[in-house]
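Hi,

Here is the structure I promised to pass on. Have a look at it first, and then read my notes underneath.

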Amino acid sequence: MENNSGGEGKKIFRILSLDGGGVKGVFPASFLATIEDTINDNIANYFDLIVGTSTGGIIALGLGLGFSAKEILKFYETKGPKIFAGASWMRCLRQIGISKYSTTALKCALEDLFKQKRLGNSKKRLVVPSFNLETGEVHVYKTCHHPRFEIDYKETAVNVALATAAAPTYFPTHRSAAGTPLIDGGMWANNPMGFAVVEAIGILGEIPDSLRVLSLGCTYEPLNVNWGRFLPLGRLYWGVKIADVFMSAQSSSSLGIAQLLAGHENVIRINPIVPQGRFGLDKVREISSLKGLGDTEARKALPSLRGIFLKSHVDTFKPCRVIDS
C-alpha cells in the first residue's frame, strides 16, 4: 500500500467535512457514492478524519462504521419519506406549538441502520457536533483519537445521530442517557470544516500545510433578505430571515478559518448554488433530483479530487481506547 504522502514525501492528512441539511444529505451521499462507484472502493478509506453535522453527522457515522456511501444513500432514499411523513397541513399546525416531526421514525430508521454499534466501533476518527441547551455550551462527540477523550466512544451511534440531528422546530430536543438536553450541531457548526481543521491542528498536532480538506455542502441558496438591507424592520420580518443570516455567516466564517489555517489551495468546497426554495430540509419529493445533482457534481469534480484525495489509502486509525468485546 502506498504511503499517505504528498509529492515530496511529506505526510498528508486528509479531512472530509459534511454539512447539515436534513434530507438534502442525499446530495453529499450521492456525490460520495458516485466517487465510490468510479474508484470501486469505500471513500472512507481515503480520509484520516471525518467531521459531520446533523445529516452530515449521520453520514459521517455511517462511513466510520463501515457502510459504503451507496448504502447510506439507500438509507436516505428508503427512510427519508418515512422520517418526514405526514400531511403538510398537519405539519404546519404542529410547528406552531410543537416540533414539526416526532423522532419516532428517525430513531427507528437509525436503529435499523446502526443497530447497537457505538462511536468507539468507528474505524475512522469522527467528530460530530451538537449543542447543550442546559449550559449554552457546544457539545461535541468524538472518537477516542486523543487520550483525553475518555467517554464519548461508549455512546451508541443512534444517540449521537439523534443529538446532532435534533433541529429546533423540526425535531424535539434529544436527551442523552444522562439527561442532557441536546440539539442540532448546526446551531454553531452547520458547516463544520473550520472546526475540523482546528481539530486536526490543535488536537491531533498535524502541520497546517499538510492538510487537505474536502468540504461537501447540501446545496446553497444565495442569501436574500430583500427589504432588510435598507429598512429598519423588526421581529415580524427578521423572525423568518434570521436563521438564514446566521447559517450563511457561520458557513462563510468556517470556510475562511479552514482556508486561513490550511491554505486556500488545500481546501475544496463543493456546494452548488440552487434557486431559492428549490430544495428543503424535509422536501422528500426532491430526493431523486438531489441524487442526480450529487452524481453530476461528482463527475465534474472527480478529475481534481483524484490527485489530492484518491491516490492511496490513509493509515489505519488506532484509537486510544477500544470497546470491550
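Below is what turned up on cavities, pockets, one glutamine and the aromatic rings. Keep in mind that this is a predicted model.

**The cavity**

Let's start with enclosed space. How many cavities of 30 Å³ or more are there? The count comes to 1, and the volume of the largest cavity is about 50 Å³. Its walls are made by Phe31, Leu32, Ile35, Ile43, Phe47, Leu214, Leu305, Phe309 and Leu310. Sorted by class, that lining has 9 nonpolar residues, with no polar and no charged ones. Two helices each give at least two residues to it: helix 1 (26-39) and helix 11 (287-309). Helix 1 provides the largest share, 3 residues.

**The second largest pocket**

Now for open space. The second largest pocket holds about 330 Å³. Its lining runs to 20 residues, and those nearest the centre are Ser122, Lys123, Lys124, Thr316 and Phe317. What is the mix of classes in this lining? It has 8 nonpolar, 9 polar and 3 charged residues. So if you colour both linings by class, expect no polar or charged residues around the largest cavity, whereas the second largest pocket has residues of each class.

**Gln250 and its surroundings**

Next, a side chain to zoom in on. Gln250 belongs to helix 10 (residues 242-262). Is Gln250 buried or exposed? Its relative accessible area is 14%, and the cut-off for buried is under 20%, so Gln250 counts as buried. A polar atom of the Gln250 side chain lies 2.9 Å from the backbone oxygen of Asn191. Leaving aside residues up to four places away in sequence, Gln250 touches Trp188, Ala189, Asn190 and Asn191.

Trp188, one of those contacts of Gln250, has a relative accessible area of 21%; buried would need under 20% and exposed over 50%, so Trp188 is partly exposed.

**Aromatic rings**

Trp188 also leads into the last topic. Searching the whole structure gives 8 aromatic pairs. One of them joins Trp188 to Phe195, with 5.2 Å centre to centre and 75 degrees between the planes, an edge-to-face arrangement. Trp188 therefore both touches Gln250 and pairs with Phe195. Elsewhere on the aromatic list, Phe84, Tyr101 and Phe171 form one cluster.

If you only have a few minutes, I'd open the view on Gln250 and Asn191, then go to the residues lining the largest cavity.

Cheers

Definitions and conventions:
Residues are numbered from 1 along each chain as its sequence is written. This is a predicted model: local features need pLDDT of at least 70, side-chain atom pairs count only at pLDDT 80 or more; totals for chains, interfaces and linings use all residues. Side-chain values use heavy atoms; hydrogens and water are left out. On a 1 Å grid over the protein atoms alone, a cavity is a set of points where a 1.4 Å probe fits but cannot get out, and a pocket is an open set with protein on both sides within 12 Å along at least five of seven lines; lining residues have an atom within 4 Å of a point. Grid points are joined across faces, edges and corners, and a volume is the space filled by probe spheres set on the points. Helices (H or I, at least four residues) and strands (E, at least two) are DSSP runs, numbered from the N terminus. Buried means under 20% relative accessible area, exposed over 50%, partly exposed in between (1.4 Å probe, protein chains only). A polar contact is a pair of N or O atoms within 3.5 Å; within protein, one must be able to donate a hydrogen and the other to accept it, and residues adjacent in sequence count only if both atoms are side-chain atoms. Contact means heavy atoms within 4.5 Å. Rings of Phe, Tyr and Trp (its six-membered ring) pair if their centres lie within 6.5 Å; planes under 30 degrees apart count as stacked, over 60 as edge-to-face and the rest as tilted.
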